[in-house]
Amino acid sequence: MGRPLPEQQKRKRFERLVLPHSGTAYNLAIWLVRNEAQAEEAVQEAYLRAFQYFDAFRGENARPWLLRIVRNTCYTLIARNRELGEPDVFDEGDHGEETVAPGAVVSFPANPETAAIESADRELVQRCVGALPAEFREVVILRELQECSYKEISAIAEIPIGTVMSRLARGRRLLEVALDRHVERKETGT
Amino acid sequence: MNCKETTRFLHGYLDAELALGDALAVEEHLQGCPRCRTHHANLRAVQTAVRRHIEHHAAPASLRARLAARYGDEDGSTAASTRRWSGVAAAGAAALLLAAVWIGAGSVDDRSKRAAQLPAKVVVHISQSGSATAALRNLANHLEASPGTTVVVVAHNEGVDFLMRGARDASGQLYESAVAKLKSRGVDFRICGNTLVRLKFDSGQVIPAATLVPSGVAEISRLQTQEGYAYLRL
Ligand SMILES: [Zn+2]
């Protein structure tokens, strides 16, 4: 297993283990870069890297491994576009993590109601998840949309499991308040 | 377990990531504490809203075709693969790929150290809506490979959905027929009564093939500790 696979064998294995995840890869990319053209670019670049480093991949479940590459590629792309002064499609929001210590207890004024949250519609959910700061958005997407385990999220985002949990908790708390608040506004027509 | 500890464990509970003992302790606390119950209900509502409404962005066919042309095996199977992927994308659920499911189960095995190899008796824990399709398919495959295995499926939390009358999978197939097929091969389906109460289901909505147990988590714990079942979460 130590030496590189013959080309034909490598392609077959790559086709079987990595190619079927292009949908998941694209989905994560679009939720990170928030732009279709850039998501396509990120996925293509990620596959290029994945193929390059495929000899080093062991095991049968390539999905977390591929998603980690996709995630890195997305952030590289975002940083590069920033340097080039291209329009910033990457919405940071106003709750960056630097203001919140991991696991910190944050008090919210609102007292969200279950029924209000339950009545959230499709459009509202897209908007609220899209407005989450990136570090919370990515764990929410990996958990709720891609159904990754904490262990997989930890591997993909390269953060300890404790951080996965605190970011997920913070992300959900932000969503709880945002979903509740928007529903209220809609009801009162403001 | 007190309120503070419960708050800390609530997300793990919601995500079925807790060890069984902790899950039981959370469940017990929730039963006696209205405040934590509200907190839990809100988090569950957030999770349900996000899962129900969040958009799955399907990869454009042109992107898939480009990747296939570039990285597909060149022996002519590329066309077939492209077709296969379109199917996956159409279902909008790449997350249901079998490999991912078994690895998910593996992470639990690390913790319980009981089910490194699938043994004679297995309790399968289904706790998420949408994971039933893959779980049932996996079970069928597994039974094909080792027909002697005794399997009990325990549905809990959002995982109870597929045992409701009229429930269908992503491709419109009734779950009930898949369940009946597995049941005819000896698989036993049990559904968590606590969950039904919490999600405001009536027991009459449950398909007759499933048996009601008071608590799914307690049932799993009992099967593990008293009857020597290995634990798998799907
Ligand atoms: Zn409490």
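In this predicted model, E123(A) and R127(A) sit in helix 6 (residues 122–130) of chain A, four residues apart, which is about one turn of the helix. Their side chains meet in a salt bridge, with N and O 2.9 Å apart. E123(A) is partly exposed at 46% relative accessible area, and R127(A) is partly exposed as well, at 41%.

**Salt bridges within the chains**

Over all chains, the structure holds 20 salt bridges. Another one in chain A pairs the side chains of R80(A) and E41(A), at 3.4 Å from N to O. R80(A) belongs to helix 4 (residues 63–83) of chain A and E41(A) to helix 3 (residues 36–52) of chain A, so this pair ties together parts that are 39 residues apart in sequence. The relative accessible area of R80(A) is 34%, which makes R80(A) partly exposed. E41(A), at 35%, also counts as partly exposed.

In chain B, the side chains of D188(B) and R190(B) meet in a salt bridge of 2.7 Å, N to O. Salt bridges that share partners link this pair with K183(B), E219(B), R222(B) and E227(B) in one network. Are D188(B) and R190(B) buried or partly exposed? D188(B) has 21% relative accessibility and counts as partly exposed, whereas R190(B), with a relative accessible area of 16%, is buried. The cut-off for buried is under 20% relative accessible area, so the value of 21% puts D188(B) in the partly exposed class.

The table lists salt bridges described in this report.

| Pair | N to O distance |
|---|---|
| E123(A) and R127(A) | 2.9 Å |
| R80(A) and E41(A) | 3.4 Å |
| D188(B) and R190(B) | 2.7 Å |
| D15(B) and R143(A) | 2.9 Å |

**The interface**

The last pair in the table joins the two chains: D15(B) forms a salt bridge with R143(A), and their closest N and O atoms are 2.9 Å apart. How many salt bridges cross the interface of chain A and chain B? The rule finds four.

Chain A brings 52 residues to the contact, and chain B brings 50 residues. Between chain A and chain B an area of about 4,700 Å² is buried, and carbon and sulfur atoms give 57% of this area. On the side of chain A, R11(A), E15(A) and R172(A) supply 13% of the area that the chain buries against chain B, more than any other three residues.

**The two chains**

Chain A has nine helices and zero strands. Read from the N terminus, its elements therefore run α-α-α-α-α-α-α-α-α. Of the 190 residues in chain A, 53% are buried. Among the contacts in chain A with a separation of 6 or more, 76% are between residues 24 or more positions apart.

Chain B has 10 helices and five strands. Buried residues account for 50% of its 234 residues. In chain B, residues 24 or more positions apart make up 73% of the contacts with a separation of 6 or more.

**Strands 1 and 5 of chain B**

Strand 1 (residues 121–126) of chain B runs parallel to strand 5 of chain B, and four bridges join them. Which residue of strand 5 is the bridge partner of V122(B)? The partner is A230(B).

Strand 5 covers residues 230–233 of chain B, and both of its faces are covered. A230(B) and L232(B) lie on one side, Y231(B) and R233(B) lie on the other, and all of these residues are buried. A230(B) thus appears twice in this part of the model: as the bridge partner of V122(B) and as a buried residue on one face of strand 5.

**The zinc site**

Which residues coordinate the zinc ion? The donors come from chain B: C3(B), C33(B) and C36(B) each through SG, and H29(B) through NE2, at 2.1 to 2.3 Å. Along the chain these donors follow the spacing C-x25-H-x3-C-x2-C.

Why is the arrangement around the zinc ion called tetrahedral? The four donor atoms subtend angles of 102 to 115 degrees, and the class requires all angles to lie between 85 and 135 degrees. Two of the cysteines, C33(B) and C36(B), are buried: C33(B) has a relative accessible area of 10%, and C36(B) has one of 3%. Both values are under 20%, so both residues meet the cut-off for buried.

Notes:
Residues are numbered from 1 along each chain as its sequence is written. Chains are lettered from A and ligands numbered from 1 in the order in which they are written. This is a predicted model: local features need pLDDT of at least 70, side-chain atom pairs count only at pLDDT 80 or more; totals for chains, interfaces and linings use all residues. Side-chain values use heavy atoms; hydrogens and water are left out. Donors are N, O and S atoms within 2.8 Å of the metal (3.2 Å for Na, K and Ca); water is not among the atoms, so sites may look incomplete. Four donors count as tetrahedral if all angles lie between 85 and 135 degrees; four count as square planar and six as octahedral if opposite donors are over 155 degrees apart and all others between 65 and 115; anything else is irregular. Buried means under 20% relative accessible area, exposed over 50%, partly exposed in between (1.4 Å probe, protein chains only). Helices (H or I, at least four residues) and strands (E, at least two) are DSSP runs, numbered from the N terminus. Two strands pair if DSSP finds at least two bridges between them. Contact means heavy atoms within 4.5 Å. Buried area is the accessible area (1.4 Å probe) that two parts lose on being put together, summed over both.
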